[in-house]
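The exercises below are to be worked with the sequence and the model at hand. Each task is followed by a solution in steps.

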Amino acid sequence: MKVAILQSSKGIDTIRVVEQDVPAPGPGEALVRLTAATLNFRDLIMAKGLIPGIAKAPELIPLSCAAGVVEAVGAGVERVRPGDRVMPTFTLGWINGPQESFAMLGGSVDGVARQYAVFPDHSLVHLPDEMGDLDGATLACAGLTAWSALTRFRPTAPGEWVLAHGTGGVSIAALQFAKAMGAKVAITSSSDAKLNRARSLGADVAVNYRTTPDWGAAIRRAVGGNAIANVIDTVGVVQFADNASLLVEGGQLSAIGMLGSDFTWTQDDPRLVPIAVGDRDGHEAMARFIVEHRIRPVVDAVYDLDRLQDAYRALEGNAFFGKVGVNLL
């Protein structure tokens, strides 16, 4: 089988694709033929060492989001069987409740940039028939992060305003989920073309922060004051004050990313909620919601596994909308 290997924290240029033997499942495990994967900004963090010490060293099989088909199962496996279409969970072993496992694919443990992988059966989610493999491969990290931000701590109510920054995987998933929940969505980007695509997905307010530097004031005018119920903060601490100033009383600032600066997780504000992706139960609930509301995840471009470096460059260049995919067939 083909496997991508990354020299952790040594850069995109260290990625290489090699041949390895197909593994065999042990007790409680399932062998999955992976068919599709997607990238997240987190994958650049692991490649570049933007957060030292969190990537498996010295080498790592990257990527955390994939879908595929169960090929074989080990002794005692009852949750899945050969032929089932599945998605591995982002955090292996986090089933529900407080996070007790930190075995995160493509980070502290090897990920899914390979054609076959063995997973604990309890860390596989069934992929609904209504969804394609590439659709399912968008969900484990970006999709579930958006879902958790909108549902886990402060459920999103119809008519509320959600603010999403940028047009990457988390923000576009949040836009799609929030609109299906009956919320209104404001979104920011430095690209008018991307904002037009966001409008086509239902964005109610779209602000170009490059041509409108005081984007906070523009959003406040558009939504009728401090009316944002939930900020999907993928940028980081550099926008903390502006984001917080837009919140309605009882609103939530969902601390997710560091696209522009350090995470906001350490800021002292009771409205700030760190979002640590989510558990298996949340993944399953999200999949049901997607099917019920006929949501189609957005994948902008797909690269073969042999071109994984190019996929990383596309992610790094920020020219994509939604997700960057990888074909593992």
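**Exercise 1. The end and the burial of a helix**

Task: In this predicted model, determine which residue follows helix α1 and what the sign of its phi is. Then establish which residues of α1 are buried and what they pack against.

Solution.
Step 1. Directly after α1 comes Gly-49, and the phi of this glycine is positive, near 70°.
Step 2. Apply the cut-off for burial, a relative accessible area under 20%. The residues of α1 that meet it are Arg-42, Asp-43, Leu-44, Ile-45, Met-46 and Ala-47.
Step 3. Because six of the eight residues of α1 are buried, the helix is largely enclosed by the rest of the structure.
Step 4. The partners of these buried residues are the strands β1, β3, β4 and β8 (103-104), together with helix α9.

**Exercise 2. A helix pair**

Task: Describe how α1 and α9 pack, giving the angle and the distance between their axes. Which residues make the contact?

Solution.
Step 1. Helix α1 spans residues 41-48 and helix α9 residues 308-317; their axes lie 10 Å apart and form an angle of about 110°.
Step 2. Angles of 65 to 115 degrees count as roughly perpendicular, and α1 is therefore roughly perpendicular to α9.
Step 3. On the α1 side the contact is made by Phe-41, Asp-43, Leu-44, Ala-47 and Lys-48, and on the α9 side by Tyr-312, Leu-315 and Glu-316.
Step 4. Sorted by type, the residues of this contact comprise five nonpolar and three charged, with no polar residue.

**Exercise 3. Strand pairing**

Task: Find the order of the open three-stranded sheet that contains β1, and state which strands stand at its edges. Then trace the pairings of β5 and β6.

Solution.
Step 1. The order of the open sheet is β2-β1-β4, and its pairing is antiparallel.
Step 2. The edge strands are β2 (16-19) and β4 (59-60); each has a single partner strand, so one side of each is left without a neighbour in the sheet.
Step 3. Strand β1 (residues 2-7) is joined to β4 by two bridges, with Leu-6 opposite Leu-60.
Step 4. Turning to β5 (residues 65-73), eight bridges connect this strand with β3 (residues 29-38) in an antiparallel arrangement. Leu-31 has Ala-72 of β5 as its bridge partner.
Step 5. β5 also pairs with β6 (residues 85-88), again antiparallel, over two bridges; here Gly-68 faces Val-86 of β6.
Step 6. β6 in turn runs antiparallel to β10 (residues 124-126), with three bridges between them, and Pro-88 is matched with Leu-124 in β10.

**Exercise 4. The surroundings of a glutamine**

Task: Is Gln-252 buried or exposed? Identify its strand and its contacts beyond the neighbours within four places in sequence.

Solution.
Step 1. Gln-252 belongs to strand β15 (residues 247-255).
Step 2. The relative accessible area of Gln-252 is 3%, so this residue is buried.
Step 3. Beyond four places in sequence, the contacts of Gln-252 include Phe-153, Arg-154, Val-231, Arg-271, Val-273 and Ile-275.
Step 4. Asn-230 is also a contact of Gln-252; the two are 22 residues apart in sequence, yet their C-alpha atoms are 4.7 Å apart in space.
Step 5. A polar atom of the Gln-252 side chain lies 3.1 Å from the backbone oxygen of Ala-149.

Notes:
Residues are numbered from 1 along each chain as its sequence is written. This is a predicted model: local features need pLDDT of at least 70, side-chain atom pairs count only at pLDDT 80 or more; totals for chains, interfaces and linings use all residues. Side-chain values use heavy atoms; hydrogens and water are left out. Axes are lines fitted to C-alpha atoms, for helices over the stretch in contact, and angles run from 0 to 180 degrees between N-to-C directions. Helices (H or I, at least four residues) and strands (E, at least two) are DSSP runs, numbered from the N terminus. Angles under 35 degrees count as roughly parallel, over 145 as roughly antiparallel, 65 to 115 as roughly perpendicular and the rest as oblique. Contact means heavy atoms within 4.5 Å. Ala, Val, Leu, Ile, Met, Phe, Trp, Tyr, Cys and Pro count as nonpolar, Asp, Glu, Lys and Arg as charged, and the others, Gly among them, as polar. Buried means under 20% relative accessible area, exposed over 50%, partly exposed in between (1.4 Å probe, protein chains only). A polar contact is a pair of N or O atoms within 3.5 Å; within protein, one must be able to donate a hydrogen and the other to accept it, and residues adjacent in sequence count only if both atoms are side-chain atoms. Two strands pair if DSSP finds at least two bridges between them.
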